[in-house]
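Visitor: Please take one helix of this model and look at it closely. I would like to hear how it sits among its neighbours.

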Amino acid sequence: MSQQISSPPKASSLPAPSCIETVVHTQRDLSWQVASNLFVSFKYAWCGISYAFQTQRNFRIHIGVGALAIGLSVFLHLKSVEIAVIGLTSGLVLALELLNTAIESIVDLTVKQTYHELAKIAKDCAAGAVLVSALVAVIVAAVLLLPPLFALVLASISP
């Protein structure tokens, strides 16, 4: 008895963001295959980052706060290692925000916009991971930035 293997049903796709190049968009039909070269792989990754930036308010907020923290650390002349730690924690928050966006999209695709308790758990846990990383990043930034910032303020106040 032979079984026929059918292809999975195609989901309706959202309109592509305007910044995604036509070359990449036309190649997405075969994106389940290995990318034809490294350049195409990087284009796919950039499309994901671009999509998150355009559609996810929290991703834009995290970019702004991370840039502010790194800029402040450079202004305060922190050690290279301290700046790197702030950069790594900021990067972790952004990476988890991208994963959160991916998980939310997959869940929405799977449950087709209907409520399911397991979908809620998956989305809430992914959002929780972002929250935990953001709180850790705030603590790291506070530990590294507040002492020199207070010293600068006190130095400008005292005669």
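Guide: Start with the length of helix α3, residues 57-75, in this predicted model. Its 19 residues, at 1.5 Å a residue, should span 27 Å. The end C-alpha atoms are 27 Å apart, so expectation and model agree.

Now the buried side. Phe-59, His-62, Gly-66, Ala-69 and Ser-73 are buried in α3. Looking down the helix axis, these buried residues fall within an arc of 90°, so they line one face of α3. That face has three partners: the buried residues pack against α2 (38-55), α4 (80-111) and α5 (117-157). The face turned away from the buried side carries exposed residues, namely Arg-57, Leu-68 and Phe-75.

Leu-72 is a case in between. It lies in α3. Its relative accessible area is 26%, over the 20% limit for buried and under the 50% mark for exposed, so Leu-72 counts as partly exposed. Leaving out residues up to four places away in sequence, Leu-72 touches Leu-145 and Leu-149. Leu-72 and Leu-149 are 77 residues apart in sequence, yet their C-alpha atoms are 8.9 Å apart in space.

Next, the core. Ala-69, from the buried set of α3, belongs to the largest nonpolar core. This core has 8 residues in all: Ala-69, Leu-76, Leu-78, Ile-86, Val-140, Ala-141, Leu-144 and Leu-145. Helix α5 gives the most to the core, with 4 residues. In soluble globular proteins, nonpolar side chains tend to be buried together.

Ile-86 shows how the core ties back to the helix. Neighbours within four places in sequence aside, Ile-86 is in contact with Ala-69, Ile-70 and Ser-73. Ile-86 also contacts Leu-78, Leu-144 and Leu-145. Of these, Ala-69 and Ser-73 are among the buried residues of α3. Leu-145 comes up again here: it is touched by Leu-72 and by Ile-86, and it is a member of the core.

Then the end of the helix. Just after α3, His-77 takes a positive phi of about 60°. His-77 is a residue other than glycine, and it lies in the loop between α3 and α4. Its relative accessibility is 72%, so His-77 counts as exposed. The next loop offers a parallel. Gln-113 is in the loop between α4 and α5. Its phi is near 65°, again positive in a residue other than glycine. At 67% relative accessibility, Gln-113 counts as exposed.

Step back to the whole chain. The protein chain has 5 helices and 0 strands, and from the N terminus on the order is α-α-α-α-α. Buried residues make up 23% of its 159 residues. The chain exposes about 11700 Å², and carbon and sulfur atoms supply 71% of that area. Take the contacts between residues at least 6 apart in sequence: 62% join residues at least 24 apart. The pair Leu-72 and Leu-149, at 77 residues apart, is one such long step in sequence.

Last, the cysteines. The structure holds 0 disulfides. Cys-47 is buried, with a relative accessible area of 13%. Cys-125 counts as exposed, at 53% relative accessibility.

How values were computed: Residues numbered from 1 in each chain as written. Predicted model: local features only at pLDDT ≥ 70, side-chain atom pairs only at ≥ 80, totals over all residues. Heavy atoms only, no water. Helix = DSSP H or I, 4+ residues; strand = E, 2+ residues; numbered from the N terminus. Buried < 20%, exposed > 50% of the residue type's maximum accessible area, 1.4 Å probe, protein only. Contact = heavy atoms within 4.5 Å. Areas by Shrake-Rupley, 256 points an atom, 1.4 Å probe, with all protein chains shown as cover. Expected span 1.5 Å × (residues − 1). Arc of directions from axis to C-beta. Core = buried A, V, L, I, M, F, W, Y, C linked by side-chain atoms within 4.5 Å. Disulfide = S-S within 2.5 Å.
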